[in-house]
Number of protein chains: 2
Amino acid sequence: MDYSQLVQSPLFRGISSDEIEKVLTGTSKKFRKYKAGEFIAFSGEPVSSLMIVLYGVVKGEMVDYSGRVIKIEDIPAPGALASAFLFGSRTFFPVNVVAISDTELMIIEKSDFLKLLMNNDRILGNFLDMISNRSQFLSEKIKFLNFRTIKGKLAQYILHQTMNGRLSFNLGMTQADLADYFAVARPSIARALKELEDEGLIEASGKVINVLDRKSLAQLISD
Amino acid sequence: MDYSQLVQSPLFRGISSDEIEKVLTGTSKKFRKYKAGEFIAFSGEPVSSLMIVLYGVVKGEMVDYSGRVIKIEDIPAPGALASAFLFGSRTFFPVNVVAISDTELMIIEKSDFLKLLMNNDRILGNFLDMISNRSQFLSEKIKFLNFRTIKGKLAQYILHQTMNGRLSFNLGMTQADLADYFAVARPSIARALKELEDEGLIEASGKVINVLDRKSLAQLISD
DNA sequence: TTGATTTTGTAACATTTGTTACAATTTTTT
DNA sequence: AAAAAATTGTAACAAATGTTACAAAATCAA
């Protein structure tokens, strides 16, 4: 087995390829492959193991009351699945997990994984970072959803995307995807973008958004 | 110092009072008191230590674009603050933290806390449970916020509160609090409750909700 | 390139939610 | 018990969003 790509996995960050191999050789694990579109887990199923995406991309998604599918996030290799649901009091999948592309997973049972954590400071620290990052990701998402108006959500999103001081960025997705992400209707996204543009706060050409008036955007979400 | 109440803290669950005292004696820490209403931390401030509420109650809250305060959660003693923001890549407070009642906190610096984790399997397991539970809490909240209609949010909330098979439960808060929790307007909550009642799905007397038609509630959020 | 497919813009209209206001009711305080 | 404060019910109207539909534009595939 070739573990070299795992050097870039959040769980093994900072650990040499040799050491990863040594650690994993002493750990029991399984491997499983999925075709694009195949369901890996269903919402409500128990989580009894840590799953690491060796290659491919998977997504988490929810279904709302009207049947609309809401994508929660993408997890590309070499990320981990369900890491925040392996411990705690509700150890079951909160979302459906679907393979976007052909995918292979490495699966380590919880008890085996606990031994790994206790025996390796580095992996422990990495795992703490990972599940903390999940909370932080969800917390950020709640910030969007808490804004009542779509313009507010967009403003928050745009400001977040340009925190680094850039004046423009590329929506890495279609308006339909963005609408799913915000849990709103697609034409409403188009309308809100147009309004922000009409008001001179942004300039949109294709999927590239130029931020023209950062102050007014900030006011939209802090007044 | 009296650590007896910490036996009930999630971080020290399953550890005897004597052992808690022994462990904490060997750990450097600070104590700090806050008056009711006082701000403990502001959104965006760095998190550099674990904070445990020794007595009192604190809350986390956000401010949306229109100035409305959205309460995220209450943390009564002997809970921990900011536990999901001590590790990971964005180690700063995601919300304002305010003392609801007079409060005392025990504060342990991150580096000291790490030693604690490495030296005590039980505390490690408890901490993993705690930060995982945070993700799970946030994930549950996102489920509410993702429903577009208020009736959908309410249905999700009511079904969640009666998962255990009970037919009734007590909203432990006012309609105004519930409105904040859902990030909607207060009269809209009253209206939605009335509609659910008119349609015969629930019966509300005061803060007690009787679930009359579980199937229709489930349909509201899955059709 | 050409044709097919996806994405975007936009309009008309229905529905939902927010806002404001005030009275009725309940709860808390004195 | 009486008074004060908080909570709830409700109405009228404004504003925002959803729905549906279709054409224009952009992107993708053959």
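# A guided tour of the protein and DNA strands C and D

The residues of the surface near DNA strand D comprise six nonpolar, four polar and eight charged. This is a predicted model, and the tour begins at that surface.

**Stop 1: DNA strand D**

Select DNA strand D together with the residues around it, which number 18. The closest are T149(A), I150(A) and S188(A) from chain A, and R148(B) and Q175(B) from chain B. Of the atoms of DNA strand D that come within 4 Å of the protein, sugar and phosphate account for 51%.

Next, select three residues in turn and look for the phosphate oxygen beside each. At Q175(B), a polar side-chain atom lies 2.6 Å from a phosphate oxygen of DNA strand D. At A185(A), the partner is a polar backbone atom, and the distance to a phosphate oxygen of the strand is 3.1 Å. At R148(B), an N or O atom in the side chain is 3.3 Å from a phosphate oxygen of DNA strand D.

Which elements give two or more residues to the surface near DNA strand D? They are α6 (186–198) of chain A together with α6 (186–198) of chain B.

**Stop 2: DNA strand C**

Now select DNA strand C, which is surrounded by 17 residues. Here the closest are R148(A) and Q175(A) from chain A, with T149(B), I150(B) and S188(B) from chain B. Sugar and phosphate make up 56% of the atoms of DNA strand C that come within 4 Å of the protein. By class, the surface near this strand has six nonpolar, four polar and seven charged residues.

Three contacts may be inspected here as well. An N or O atom in the side chain of Q175(A) is 2.6 Å from a phosphate oxygen of DNA strand C. A polar backbone atom of A185(B) is 3.1 Å from a phosphate oxygen of this strand. At R186(A), the DNA atom is a base oxygen, 3.1 Å from an N or O atom in the side chain.

Then colour α6 of chain A and α6 of chain B: each supplies at least two residues of the surface near DNA strand C. Which element gives the most to this surface? It is α6(A), with four residues.

**Stop 3: the sheet of chain B**

Move to chain B and select β9, β10 and β11, which form an open sheet of three strands in the order β9-β11-β10, with antiparallel pairing. The edge strands are β9 (168–170) and β10, each of which pairs on one side only. On average, neighbouring strands of this sheet are turned by 20 degrees against each other, direction ignored.

Within the sheet, begin with β10 (residues 202–205) and β11 (residues 208–211) of chain B, joined by four bridges. One pair to display is I202(B) with its bridge partner V211(B) in β11(B). The hairpin of these strands has two residues between them, and G206(B) takes a positive phi near 65 degrees. On the other pairing, β9(B) and β11(B) are joined by three bridges. There, F169(B) has I209(B) in β11(B) as its bridge partner.

Add helix α4 (residues 150–161) of chain B, which packs on the sheet and touches β9, β10 and β11 of chain B. The direction of α4(B) makes about 105 degrees with that of β9(B). Add α6(B) also: this helix lies across β10 and β11 of chain B, running at about 125 degrees to β10(B).

**Stop 4: two helices of chain B**

Keep α4(B) and select α3 (residues 121–146) of chain B; the axes of the two helices come within 7 Å and cross at roughly 145 degrees. From α3(B), the contact is made by E140(B), K143(B), F144(B) and L145(B), and from α4(B) by K153(B), Q156(B), Y157(B) and H160(B). This contact has three nonpolar, two polar and three charged residues.

**Stop 5: chain A, its domains and a sheet**

Finally, colour chain A by domain: domain 1 covers 4–143 and domain 2 covers 147–222. Their C-alpha centres lie 30 Å apart.

In chain A, select the four strands of an open sheet with antiparallel pairing, in the order β1-β8-β3-β6. Because β1 (30–34) and β6 (80–81) of chain A stand at the edges with a single partner strand each, one side of each is left without a neighbour in the sheet. Five bridges link β1(A) to β8 (residues 103–109) of chain A in the antiparallel sense. To end the tour, display R32(A) and its bridge partner in β8(A), L105(A).

How values were computed. Residues numbered from 1 in each chain as written. Chains lettered and ligands numbered in written order. Predicted model: local features only at pLDDT ≥ 70, side-chain atom pairs only at ≥ 80, totals over all residues. Heavy atoms only, no water. Near = heavy atom within 4 Å. Polar contact = N/O pair within 3.5 Å; in protein donor to acceptor, adjacent residues only side chain to side chain. Nonpolar A, V, L, I, M, F, W, Y, C, P; charged D, E, K, R; others polar. Pairing = 2+ DSSP bridges. Axes fitted to C-alpha atoms, helices over the stretch in contact; angles between N-to-C directions. Contact = heavy atoms within 4.5 Å. Domains from an automatic or database assignment.
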